[in-house]
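Colleague: I am new to this one. Please walk me through how to read it, feature by feature.
Modeller: Gladly. Let us look first.

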Amino acid sequence: MTPPRRVPIALPDPGTTWAILSLWYVRPGDRVFAGDRVAEVLIPGATVDVPAPVTGTLAERMVHPNDPVTAGQVLGVVEEEGESKG
Amino acid sequence: MTASDLTHSVPSAPCRGLRAYLLGQFGFDALIGLQRRLVYEVAGEPNTGAVIVCDHPSGITVGREGSRIHVRPGPEELRIRGWSVRWVSRGSGVLLHLPGQVACYPVISLAQAGLTPARYVAELEAVVVELLREFDLRAEPDPATPGVRIGSRRVAHIGVAIRGGVSCFGLILNVDPDLEPFRDIHCDGDPMPMTSIQRETPGRARVAAVRQQLVSLIAGRFAFDRISLFHTPPGPSLRPPFPPGSSGGGWKHAAPTRTR
């Protein structure tokens with residue numbers, strides 16, 4: 001097994017300077033699949049889902065609900081599943 | 001299911017087709033299910049899009065920016081009026097849904113359209129402003145809360161959700177609703193009275209005409225070159241699990257899904 005790679009969950013550009021983290025859909029330790037929505041960000045008039053960048057386990061949440069967030073900010077970290085070598 | 005093409009595709013350019021569902025009164029439970037399905041389909045084929053145009057039974061939805069404090073009637077009063085309160089995962093705040101409004105929910109890939117979420121919200125506001133211009137009404141996007149105002153009164157609200165890069169929910173436009181009930185509901189937290197197209201124009205504002213105009217404007221603004229119109233929601237599945245007439249199968253309805 002290769003050691004797990006820590007992959008940041010970066011916020012895609014919402015197109016506005018005002019944005020807050022609305023909620024997390026997953027908790028640390030939860031397994032996530034690439035593309036799963038893991039968090040929701042709120043901008044004026046819209047909620048925007050944030051997808052998991054890779055399949056693995058949510059290792060860390062770095063922002064909390066109602067925290068302001070900006071484009072590119074790291075919201076959390078996913079530990080990517082290591083590939084087993086046969 | 002009936003469908004008709006309104007415009008011709010451009011032969012040399014990739015065809016972008018918009019499915020427009022003009023559904024009349026459509027319940028919120030059904031809307032949530034249909035939106036989920038269309039988002040899934042558009043995510044798989046981002047060159048396509050859909051738009052649901054309908055109105056809802058009287059009731060209240062509360063978006064992520066809303067609060068129960070914006071709904072003045074208590075639970076008993078709401079029950080007497082028959083207004084359900086539903087919390088939904090869209091942007092914006094409290095909205096009161098009444099007959100005489102038009103709800104327009106585009107389902108499009110933002111990446112395909114080259115839009116950020118904030119730009120998409122602004123484009124929806126521009127759609128409403130353009131539509132109202134056809135009624136000789138001067139309207140402006142609301143600088144405080146996404147929506148459109150005529151003078152000091154709001155005529156439309158914007159509240160969307162972006163899931164997997166695909167939009168859902170959308171805009172609510174007052175065509176000719178009874179404006180009196182809005183006194184009890186501060187839509188998007190705004191205590192100012194609402195207005196409607198009918199209130200602002202000397203002529204007759206027809207809901208059916210507004211629906212058609214919205215579809216055309218959505219198609220134009222988001223660069224769809226072909227519109228297919230439907231007057232019923234899609235069936236339970238696009239492909240039957242077994243050919244019609246064969247044994248051992250038939251149409252199967254998907255299990256009801258939890259709304260959020």
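**Reading the two chains**

Modeller: Read along its sequence, chain A runs β-β-β-β-β-β-β. Keep in mind that this is a predicted model.

Colleague: How many helices and strands does chain A have?

Modeller: Chain A has zero helices and seven strands.

Colleague: What share of the residues of chain A count as buried?

Modeller: Buried means under 20% relative accessible area. Of the 86 residues of chain A, 40% meet that mark. The chain exposes about 4,500 Å², and carbon and sulfur atoms supply 51% of it.

Colleague: And contacts along the sequence? What share join residues at least 24 apart?

Modeller: Take the contacts in chain A between residues at least 6 apart in sequence. Of these, 61% join residues at least 24 apart.

Colleague: Now a single strand. Why is strand 5 of chain A largely enclosed by the rest of the structure?

Modeller: Start with a general idea. In a regular strand the side chains alternate between the two faces of the sheet. Now the case here. Strand 5 of chain A covers residues 46-51, and five of its six residues are buried, so the rest of the structure largely encloses it.

Colleague: Which sense does its pairing with strand 4 of chain A take, parallel or antiparallel?

Modeller: Antiparallel. Strand 4 (residues 37-43) and strand 5 of chain A share six bridges. In one of them, A:Leu42 has A:Thr47 as its partner. Two residues lie between the strands of this hairpin, and A:Gly45 takes a positive phi near 85 degrees there.

Colleague: Which strand of chain B does strand 5 of chain A join?

Modeller: Strand 9 of chain B, residues 153-163. The two run parallel, with three bridges. A:Val48 stands opposite B:Ile162.

Colleague: How do I read the interface as a whole?

Modeller: The size of an interface is often given as the accessible area lost when the parts come together. Here chain A and chain B bury about 1,200 Å² between them, with 57% of it on carbon and sulfur atoms. In residues, 17 of chain A are in contact with 19 of chain B.

Colleague: Which side chains meet in a salt bridge across it?

Modeller: The rule finds one salt bridge across this interface. The side chains of A:Glu40 and B:Arg64 form it, at 2.5 Å from N to O. Nine residue pairs are in polar contact between the chains. On chain A, the elements that give two or more residues to the side touching chain B are strand 2 (20-24), strand 4 and strand 5.

Colleague: Turn to chain B. Which strands pair with its strand 1?

Modeller: Strand 1 spans residues 17-25 of chain B and is mostly covered, with seven of its nine residues buried. It pairs in the parallel sense with strand 11 (residues 226-230) of chain B, over five bridges. There B:Gly17 stands opposite B:Arg226. Seven bridges join strand 1 of chain B to strand 2 (residues 49-55) of chain B, also parallel. B:Gly24 stands opposite B:Cys54 in that strand 2.

Colleague: One loop residue to finish. Is B:Thr201 buried or exposed?

Modeller: Buried. Its relative accessible area is 11%, and the cut-off is 20%. B:Thr201 is found in the loop between helix 5 (197-200) and helix 6 (207-221) of chain B. A polar atom of its side chain lies 2.8 Å from the backbone oxygen of B:Ile197. Leaving aside neighbours within four places in sequence, B:Thr201 is in contact with B:Phe135 and B:Leu137.

Notes. Residues are numbered from 1 along each chain as its sequence is written. Chains are lettered from A and ligands numbered from 1 in the order in which they are written. This is a predicted model: local features need pLDDT of at least 70, side-chain atom pairs count only at pLDDT 80 or more; totals for chains, interfaces and linings use all residues. Side-chain values use heavy atoms; hydrogens and water are left out. Helices (H or I, at least four residues) and strands (E, at least two) are DSSP runs, numbered from the N terminus. Buried means under 20% relative accessible area, exposed over 50%, partly exposed in between (1.4 Å probe, protein chains only). Contact means heavy atoms within 4.5 Å. Accessible areas come from the Shrake-Rupley method with a 1.4 Å probe; for residues, only the protein chains shown count as cover. Two strands pair if DSSP finds at least two bridges between them. Buried area is the accessible area (1.4 Å probe) that two parts lose on being put together, summed over both. A salt bridge is a side-chain nitrogen of Lys or Arg within 4 Å of a carboxyl oxygen of Asp or Glu. A polar contact is a pair of N or O atoms within 3.5 Å; within protein, one must be able to donate a hydrogen and the other to accept it, and residues adjacent in sequence count only if both atoms are side-chain atoms.
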